[in-house]
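Biologist: I'd like a close look at just one part of this model, please. Could you pick out a helix and walk me through what surrounds it?

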Amino acid sequence: ACVGVACVRLMIACGHWMGCLYILTSRRVLSVRGLAKVVIDECPLVRISAARLSATTGERMLSLASLLFEGAGGEVMETSWPCLAKAAEVQQAVGQAIRRAR
């Protein structure tokens with residue numbers, strides 16, 4: 001029974017992970033999440049002062065990191081991109097887009 005519950009939980013987690021889409025445009029960053037109920041978070045690039053990497057111990061073990069967006073006052077914006085592979089490359093691309101947007 002425990003193995004069955006663990007397998008179901010793993011399938012649900014994989015579904016949530018596969019249901020995430022991160023989009024970088026010339027004007028904004030978007031995060032589209034959800035399978036049954038789609039949630040879209042967006043933030044204009046002109047409101048973002050920096051994109052910073054953050055990684056938990058589990059993410060580091062899997063070579064993943066989260067990208068957090070900081071506003072002008074150093075506050076962390078609501079929009080973030082969790083569990084990214086090749087996060088340093090993504091951070092560079094977002095940083096270039098932020099500089100071009102200004």
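**A helix and its sheet**

Modeller: Let's take α3, which has 15 residues and reaches 21 Å from its first C-alpha to its last, close to the 21 Å expected at 1.5 Å a residue. Keep in mind that we're looking at a predicted model.

Now, which residues of α3 are buried? They are Ala87, Val94, Gly95, Ala97 and Ile98. These buried residues cover an arc of only 165 degrees around the axis, which puts them on the same side of α3. Buried here is a matter of a cut-off: under 20% relative accessible area. Turn the helix around and you'll find the face pointing away from that buried side, with the exposed residues Glu89, Gln92, Arg99 and Arg100.

So what covers the buried residues of α3? The cover includes β1, β4, β5 and β6. Three of those names belong together, as we'll see: α3, made of residues 87-101, lies across β4, β5 and β6. Its direction is at about 170 degrees to that of β4.

Let's look at the strands under the helix. They make an open sheet of three strands in the order β4-β5-β6, and the pairing is antiparallel. At the edges you'll find β4 (50-54) and β6 (76-85), each of which pairs on one side only. On average, neighbouring strands in this sheet are turned by 25 degrees against each other, if you ignore direction. Zoom in on β4 and β5 (residues 64-70): they run antiparallel and are joined by five bridges. For one spot to click on, try Ala50, which stands opposite Glu70 in β5.

That leaves β1, also part of the cover over the helix's buried residues. This strand sits in another open sheet, where three strands follow the order β1-β2-β3 with antiparallel pairing. Here β1 (21-24) and β3 (39-44) stand at the edges with a single partner strand each, so one side of each has no neighbour in the sheet. Neighbouring strands of this sheet are turned by 10 degrees against each other on average, again with direction ignored. The partner of β1 is β2 (residues 28-33), and the two pair in the antiparallel sense over four bridges. Within that pairing, Leu24 has Val29 of β2 as its bridge partner.

As for what holds such strands side by side, strands of a sheet pair through backbone hydrogen bonds, either parallel or antiparallel.

Methods. Residues are numbered from 1 along each chain as its sequence is written. This is a predicted model: local features need pLDDT of at least 70, side-chain atom pairs count only at pLDDT 80 or more; totals for chains, interfaces and linings use all residues. Side-chain values use heavy atoms; hydrogens and water are left out. Two strands pair if DSSP finds at least two bridges between them. Axes are lines fitted to C-alpha atoms, for helices over the stretch in contact, and angles run from 0 to 180 degrees between N-to-C directions. Contact means heavy atoms within 4.5 Å. The expected span of a helix is 1.5 Å times one less than its number of residues. Buried means under 20% relative accessible area, exposed over 50%, partly exposed in between (1.4 Å probe, protein chains only). The arc is that of the directions from the helix axis to the C-beta atoms.
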